[in-house]
Structure formats: structure tokens, C-alpha cells
Amino acid sequence: MYSSFAFSFMPYKTILSPRASITTQDNKNAKDYRTKVSRNPKLEKLQYNYLFPEISEREAQHAKKYPNAKIISLGIGDTTEPLPDVVASSMANYAYSLSTRTGYRGYGAEQGSKIYASFYAYKLLIIKSCYLHTSDKSYEVHFLPENSKSSKLQDLRKAIAETFYKDMGIQGAEVFVSDGAQCDISRLQMLFGSNMSIAVQDPIFPAYIDSSVIIGQTGEVEQGSGRYQNIEYMRCDPHNNFFPGLSKTARTDIIFFCSPNNPTGHAASWEQLEQLVKLAQENGSIIVYDSAYAVYITDGSPRSIYEIPGAKKVAIEVSSFSKIAGFTGVRLGWTVVPKELLYSNGFPVINDFNRIICTCFNGASRIAQAGGLASLSSEGFKVSFRPPRVILSEQLLNPHISFQAVMSLVDYYKSNAEILLETFESLGLKAYGGVNAPYLWVHFPGSNSWDVFNEILEKTHIITVPGSGFGPAGKEYIRVTAFGHRENILEAADRLRSLLL
Ligand code: PLP
């Protein structure tokens with residue numbers, strides 16, 4: 001016991017001492033050493049780095065080049081505003097309960113756990129309190145042990161079904177809680193395997209195409225068009241109101257469809273989704289419907305594919321707390337696989353997805369799930385967007401407050417989008433989206449999107465995303481995100497006006 005303890009604290013150099021005689025020549029060889037393992041050829045097919053790390057890299061290079069410039073990022077769609085207090089305190093409370101014998105829990109159910117959540121009324125049963133100091137003020141945080149009398153066993157799967165799929169016949173057991181939609185996209189690709197034919201909107205969130213390439217569903221990229229062989233690209237542009245001409249779309253096994261679409265911001269209408277479901281029914285295809293931005297829809301368009309009759313037999317839905325509740329760093333999402341969705345041999349798809357989840361995933365963080373539950377506590381009175389950084393007694397006692405707080409965050413980003421939309425329109429540029437989504441898709445006719453990206457960055461220190469990163473149809477566009485502090489959005493609007501006027 002003693003010796004292993006001593007060994008683990010031995011200085012690094014001492015542990016390495018037998019190798020201390022390595023010569024410079026050996027070092028050189030060590031540097032050139034290669035394994036005999038060949039690179040996965042599917043990864044070799046990928047054309048570029050994944051888009052968003054590439055944008056971050058460009059931002060870092062720009063910061064190096066102009067160390068005194070204030071860079072404003074309207075690029076990667078990452079949320080910027082703080083979590084509502086009731087959501088953060090619920091996670092803090094849950095985390096604290098893990099330090100108690102009664103509260104501690106280990107692995108949860110892979111599909112999503114039932115957990116004791118105490119996001120309301122916990123002031124009644126304070127067992128421990130501490131002071132947190134933030135830059136603005138210090139405030140008291142109260143902790144309640146898990147499974148104490150005032151915390152209730154809550155089921156996030158059921159809460160998701162009731163909040164987002166009310167009256168659509170989706171049961172909690174058909175909801176699989178995850179660590180985010182992007183991870184679920186890859187798990188779905190593993191579910192389908194390499195022999196599937198796929199269709200994607202063009203443009204679309206890049207994880208769909210890249211994961212298809214990695215799993216082996218595609219051929220090589222065609223030089224010139226930038227398209228991968230074996231992918232059916234469903235072009236979405238202003239000529240077709242950002243909805244593909246389905247009569248010209250070849251049959252595929254899987255149809256990836258994102259609404260509101262990232263990057264165009266277009267939310268498909270009821271009629272459009274009816275056509276999509278009809279196409280899947282006629283072709284015997286499965287739709288993978290990404291509704292990560294559904295709560296941004298305010299024009300009455302469907303927020304879920306399951307609003308369309310018959311969709312449960314042909315569609316899987318992927319979604320996320322990231323852009324709903326500011327959980328991009330917390331990590332929480334879900335996938336719905338209805339029991340009625342069957343393979344050609346009659347086997348339920350849900351059984352296989354359950355198998356994939358159990359094999360490749362061990363369940364979402366319990367702390368994140370406590371935060372997810374708190375953010376869905378719904379229907380109550382509206383709090384101001386930025387509640388004071390103290391836990392108000394009404395907040396503690398009202399179980400329905402935080403969904404309203406979360407929706408206030410969504411409203412804030414939508415107001416940012418309005419400012420940006422007005423800015424581009426005042427400059428005579430055509431900007432799409434921004435109404436049902438936190439993204440604007442701005443057209444620069446005849447230009448190359450990377451050139452536009454570079455010019456805007458060079459002249460205004462504003463980061464955007466070149467449209468071609470989302471597919472060949474994006475080559476004359478840039479995507480601009482409405483996630484940002486209001487003061488930055490206003491400053492960005494001023495800078496863009498002075499550049500483009
Ligand atoms: N789906 C779409 C359409 C997205 O735009 C994003 C993130 O930007 C994701 C999925 C990923 O979501 P998550 O943060 O849950 O992984």
C-alpha cells in the first residue's frame with residue numbers, strides 16, 4: 001500500500017529515468033515513428049476540417065494578427081446569456097445532493113433517469129447553505145438532499161413528451177434523453193449503418209453530411225460541385241421558398257430534414273411537412289427530423305414532425321436543450337423513436353435504437369437532467385428576462401416559473417435577430433431567416449462565401465460563417481447568428497453599416 005502510494009507521487013523524471021539515456025538520434029526516430037495501422041479511408045474522404053472548429057481557428061488567427069481588435073462573433077451558433085437562476089440552482093442542488101449518502105446515485109438508466117428534483121419549494125427544507133460570491137453580488141444558495149420530502153421523483157422523458165409532444169401521442173418511453181443532438185446524429189448513423197441511401201437538405205447543419213461520410217454511406221466528393229456521390233442533395237433556396245422540389249427527389253432510405261433549418265432559418269409550413277411525410281410514406285423512407293430550434297417558431301408552423309398525421313410511422317425526431325435553454329455547455333438533448341416505426345421486416349426501430357444507446361452511451365449526466373427538468377417546469381407567470389441573481393421566494397415556490405424564464409431567453413435572441421435583419425435589409429442585402437430561428441442567411445449574389453467571410457472579418461473584425469460550409473447551395477451566402485450580448489449585436493450592426501453602406 002505504502003509503496004504504491006509513494007510510487008504515484010514519484011517525480012516524473014524519476015519514473016522516466018531508465019529511458020534517460022535516449023539519444024538525439026533515437027528522439028528523431030521516435031518522432032518519425034508510425035504505426036502499421038492505415039487511416040480509415042472514410043475519414044480520408046472528408047473534404048475539409050469540421051466547419052465550426054475551422055471557424056474558431058480562423059478567429060484565433062485573426063486575434064493574433066490584430067491583438068487590439070475587439071472581435072465580435074456572429075459565427076458559431078453558441079448561446080451567450082446566463083441560465084435562469086432556477087435552472088442553475090436546481091443543478092447546484094442536485095450536485096450537492098450527490099455528496100450525501102442518501103442522495104448519491106451512480107449510473108442512471110441509459111434512456112434517461114427518474115431523479116429526485118427539488119427545483120421548487122426547497123426553501124422549506126434547508127439543510128445546508130453557503131454563500132457564493134459573484135462579481136455583482138453575493139447570494140445565498142440553499143441545498144436540499146435528494147429524495148428529501150419536498151423533492152419529487154421526476155421523469156425527464158415524460159416531461160419532454162408532455163411539454164413538446166402534447167396531444168401528439170408520444171409517450172415518455174419513446175423519448176431517449178441524451179448528451180445532445182449532435183451525439184444522437186452519430187448514434188443514428190450507427191443505427192442505420194453504411195448501406196443506407198440518404199437525402200439531405202442543401203444547405204444543412206454539417207454534422208449530417210460529415211457523419212454520413214464517416215459511416216460510409218457516400219462515395220467520393222465530386223470536384224467542382226463539391227457534392228459527395230450517393231447523397232441526394234435537396235436544394236433549398238429562395239426560388240423554392242427553401243423547401244425542396246420533392247417530385248424531383250430520388251427515393252432514399254433516410255431523409256435528413258432540419259426545421260427550422262440551420263443555416264437558412266426557414267421553418268417548413270404545415271403543407272410542406274405534409275408533403276414530406278407523404279413522400280416518406282410513398283417511398284417507405286425514414287425521416288430524421290431535427291427540431292433543435294423549434295421553440296423559435298412563432299408563425300404557427302409545426303414545431304414537431306409529429307404534428308403531421310401519420311408521421312409516427314415514418315419519422316424519428318432529434319432535438320436539444322442547447323438552443324432552448326442555453327445548454328450548449330451543459331449538454332442535454334433527446335431523440336424520439338415512436339414504437340410504430342418499423343423496418344421492412346416488421347421489427348421495431350425503437351428496439352434497435354435502445355440497443356445502440358445501451359451499447360454506446362451510458363446515460364446523460366444526472367446533473368444536466370436536473371437542469372433540464374427545472375427548465376421545463378412550465379406555464380407559470382412570466383419573470384423578467386434577467387431575474388436578480390438571488391433566489392426569490394416566489395421562484396422557489398412556483399413550480400412553473402422556469403420554462404417562462406427559458407422562453408424569455410429565446411425572445412432575447414429573437415430580438416437580436418430582428419436588429420440584424422433590419423441592418424442587412426437597410427443595406428439593400430437580402431437576408432432570409434431570423435424570424436423563426438436565431439440565424440440569418442444573407443445573400444451576396446455572384447460572390448464566393450469564403451471571400452465574403454474574409455472581407456467582413458478583415459474590415460469589421462466580425463466573425464460570420466461562410467455558407468459553402470453548409471453545402472454547395474451556400475456558396476453565395478453567409479450565415480449570421482443572433483446569439484450574442486445585445487450590446488455586441490448593436491455594435492456589430494453599426495460596423496456592418498459602415499462597411500457596406
Ligand atoms: N442540430 C442542429 C440543427 C444544430 O444547429 C445543432 C447545433 O448547432 C445541433 C443539432 C447540435 O445540438 P447539440 O448542442 O444538442 O449537440
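**Exercise 1: the ligand's surroundings**

Find out which helices each supply at least two residues of the shell around the ligand, then describe that shell in this predicted model.

*Solution.* Start with the helices: α8 (181-192) and α11 (322-325) each supply at least two residues of the shell. Next, look at the whole shell. The ligand is surrounded by 13 residues, and N262, D290, Y293, S320 and S322 are the closest. Now sort the shell by class: you get 5 nonpolar, 5 polar and 3 charged residues.

**Exercise 2: polar atoms and buried area**

Work out how far polar side-chain atoms of S322, K323 and R331 lie from oxygen atoms of the ligand, and then how much of the ligand's area the protein buries.

*Solution.* Take the residues one at a time. For S322, a polar side-chain atom sits 2.6 Å from a ligand oxygen. For K323, an N or O atom of the side chain is 2.7 Å from an oxygen atom of the ligand. For R331, the distance from a polar side-chain atom to a ligand oxygen is 2.8 Å. A pair of N or O atoms counts as a polar contact if the two are within 3.5 Å, so go ahead and check each distance against that cut-off. Last step, the area: on its own the ligand exposes 400 Å², and the protein buries 92% of that.

**Exercise 3: two crossing helices**

Decide how helix α16 is oriented relative to helix α17, and list the residues that make their contact.

*Solution.* First, find the helices: α16 covers residues 449-460 and α17 covers residues 486-500. Their axes come within 10 Å and cross at roughly 110 degrees. Angles of 65 to 115 degrees count as roughly perpendicular, so α16 is roughly perpendicular to α17. Then pick out the contact: α16 brings I456, K459 and T460, while α17 brings R495, L496 and L499. Sorted by class, these contact residues are 3 nonpolar, 1 polar and 2 charged.

**Exercise 4: backbone oddities in loops**

Locate the cis peptide bonds before P203 and P260, then see what's up with the phi of N230.

*Solution.* Begin with P203: the bond from D202 to P203 is cis, with omega near 10 degrees. P203 belongs to the loop between β7 (198-202) and α9 (207-215). Move on to P260, which is joined to S259 by a cis peptide bond with omega about -5 degrees. The loop here runs between β9 (254-258) and α10 (270-283). Finally, N230 isn't a glycine, yet its phi is positive, about 70 degrees. You'll find N230 in the loop between α9 and β8 (231-235).

Definitions and conventions:
Residues are numbered from 1 along each chain as its sequence is written. This is a predicted model: local features need pLDDT of at least 70, side-chain atom pairs count only at pLDDT 80 or more; totals for chains, interfaces and linings use all residues. Side-chain values use heavy atoms; hydrogens and water are left out. Axes are lines fitted to C-alpha atoms, for helices over the stretch in contact, and angles run from 0 to 180 degrees between N-to-C directions. Helices (H or I, at least four residues) and strands (E, at least two) are DSSP runs, numbered from the N terminus. Angles under 35 degrees count as roughly parallel, over 145 as roughly antiparallel, 65 to 115 as roughly perpendicular and the rest as oblique. Contact means heavy atoms within 4.5 Å. Ala, Val, Leu, Ile, Met, Phe, Trp, Tyr, Cys and Pro count as nonpolar, Asp, Glu, Lys and Arg as charged, and the others, Gly among them, as polar. A residue is near a molecule or strand if one of its heavy atoms lies within 4 Å of it. A polar contact is a pair of N or O atoms within 3.5 Å; within protein, one must be able to donate a hydrogen and the other to accept it, and residues adjacent in sequence count only if both atoms are side-chain atoms. Accessible areas come from the Shrake-Rupley method with a 1.4 Å probe; for residues, only the protein chains shown count as cover.
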